[in-house]
Amino acid sequence: MQTRTLGDNGLRTSALGLGCMGMSALYGETDRAESVATIHAALDAGVTLLDTGDFYGMGHNELLINEALRTAPAAHREQALTSVKFGALRTVDGRFIGYDGRPEAVQNFAAYSLQRLGTDHIDVYRIARLDPAVPIEETVGAIADLVQAGHVRHIGLSEVGADTIRKAASVAPISDLQIEYSLLSRDIEEQILPVCRELGIGVTAYGVLSRGLISGNWSRERQLSQGDFRSMSPRFSGDNLDRNLALVEALRDVAESKGVTVAQTAVAWVLSRGEDIVPLVGARTRERLAESLSALDVTLDAHDLDAIERAVPAGSAAGDRYPAAQMAHLDSEK
Ligand SMILES: NC(=O)c1ccc[n+]([C@@H]2O[C@H](COP(=O)([O-])OP(=O)(O)OC[C@H]3O[C@@H](n4cnc5c(N)ncnc54)[C@H](OP(=O)(O)O)[C@@H]3O)[C@@H](O)[C@H]2O)c1
């Protein structure tokens with residue numbers, strides 16, 4: 001497995017990480033045995049970075065990772081890096097009701113996560129969204145205390161903009177910013193990515209397949225269950241979906257001319273954006289995982305990149321990447 005380094009602090013990780021969110025929540029029905037098998041297959045292939053959030057299925061995802069690590073060969077378990085998001089507040093019926101980045105909340109969230117993960121430390125810890133009521137310096141300062149105490153190894157950020165990144169980095173070294181980045185979501189190229197590079201902060205890119213939309217495996221006929229994020233996503237609805245799927249067909253022509261799949265082309269494109277970027281693939285099955293991991297064998301030359309740009313020009317996505325209420329929580333969009 002190829003490796004990359006996130007941040008000047010030298011967090012060495014596999015070049016692709018596995019995002020485990022969809023194994024617990026937001027993408028419809030889940031299959032525990034297949035989820036554990038997918039995590040095992042990823043570790044087997046040399047993937048070391050496992051991304052989760054304490055609010056993915058309200059602890060479900062961390063317990064799933066615990067089970068997968070406990071039942072993995074010791075060598076794989078020891079190499080695994082956990083990247084955990086915290087801070088989202090939810091109700092019993094799963095509604096999101098805000099964020100809590102107070103220092104005492106950070107300590108509390110971490111205590112529960114360590115217990116659920118069954119580990120003595122978290123490798124990267126980050127608040128999922130900026131808590132507008134708490135300066136980022138305080139939240140990051142509280143994580144820095146956890147680093148000092150040995151409970152956390154690295155400090156990350158998630159979906160924050162350039163000003164917040166600068167404030168956070170003034171408190172402690174930041175390993176990476178986790179943010180949506182794909183052929184359809186390229187806004188970070190303007191301001192956020194240059195600031196990360198200036199400050200020596202890596203990027204863990206999520207949504208590299210735009211939640212399956214640009215995987216080449218999506219169709220208008222796909223039935224979505226209630227609660228599937230994609231049933232509320234502007235990019236998956238109405239005319240937007242038709243326009244976005246037309247972009248996928250243009251990308252398919254490029255992929256087929258190289259003898260690879262659309263998903264592999266989309267993941268390879270994010271990999272090609274820089275050695276400081278680690279795409280998280282959100283595979284929920286071994287089959288999807290294998291497809292995405294093969295992107296590591298795809299080399300895109302200047303001619304390929306031009307063809308991809310013509311197929312999916314920057315800014316061509318139809319629709320916002322989140323519903324309006326969730327867009328309002330994105331410091332990165334302000
Ligand atoms: N920081 C944040 O705010 C934030 C937000 C969202 C996610 N994340 C993290 O990033 C990770 C990845 O995000 P994501 O799940 O939205 O990313 P994604 O990789 O764009 O989408 C994953 C979905 O695409 C579909 N898919 C189709 N073909 C695939 C293939 N060949 N390989 C993989 N998936 C394929 C699958 O849906 P089906 O199985 O339904 O077909 C899968 O669940 C998450 O697991 C989470 O850890 C972070």
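Which exposed residues does the face of α4 turned away from its buried side carry? Glu-104 and Ala-111. Keep those two in mind while we go round the helix.

A caution before that: this is a predicted model.

Now, α4 itself. The helix covers residues 103-117. Does its length add up, and what should we expect? Take 1.5 Å a residue, and its 15 residues should span 21 Å. The end C-alpha atoms are 21 Å apart, so expectation and model agree.

Next, the buried side. Val-106, Phe-109, Ala-110, Ser-113 and Leu-117 are the buried residues of α4. Look down the helix axis. Those buried residues fall within an arc of 100°, so they line one face of the helix.

What covers them? The cover includes two helices, α2 (60-70) and α5 (136-148). It also includes the strands β5 (81-86), β8 (122-127) and β9 (152-158). Just after α4 comes Gly-118, with a positive phi, near 70°.

On to the barrel. It is closed, it has 8 strands, and the pairing is parallel. The order is β3-β4-β5-β8-β9-β10-β11-β12. On average, neighbouring strands of this sheet are turned by 30° against each other, direction ignored.

Zoom in on one pair. β9 and β10 (residues 176-180) run parallel, joined by 3 bridges. Here Ser-158 stands opposite Gln-178 in β10.

Last stop, helix α9, residues 262-271. This helix packs on the sheet and touches β11 (202-206) and β12 (277-281). The direction of α9 makes about 155° with that of β12.

Note on methods. Residues numbered from 1 in each chain as written. Predicted model: local features only at pLDDT ≥ 70, side-chain atom pairs only at ≥ 80, totals over all residues. Helix = DSSP H or I, 4+ residues; strand = E, 2+ residues; numbered from the N terminus. Expected span 1.5 Å × (residues − 1). Buried ≥ 20, exposed ≤ 12 C-beta atoms within 10 Å, placed from the backbone. Arc of directions from axis to C-beta. Contact = placed C-beta atoms within 7 Å. Pairing = 2+ DSSP bridges. Axes fitted to C-alpha atoms, helices over the stretch in contact; angles between N-to-C directions.
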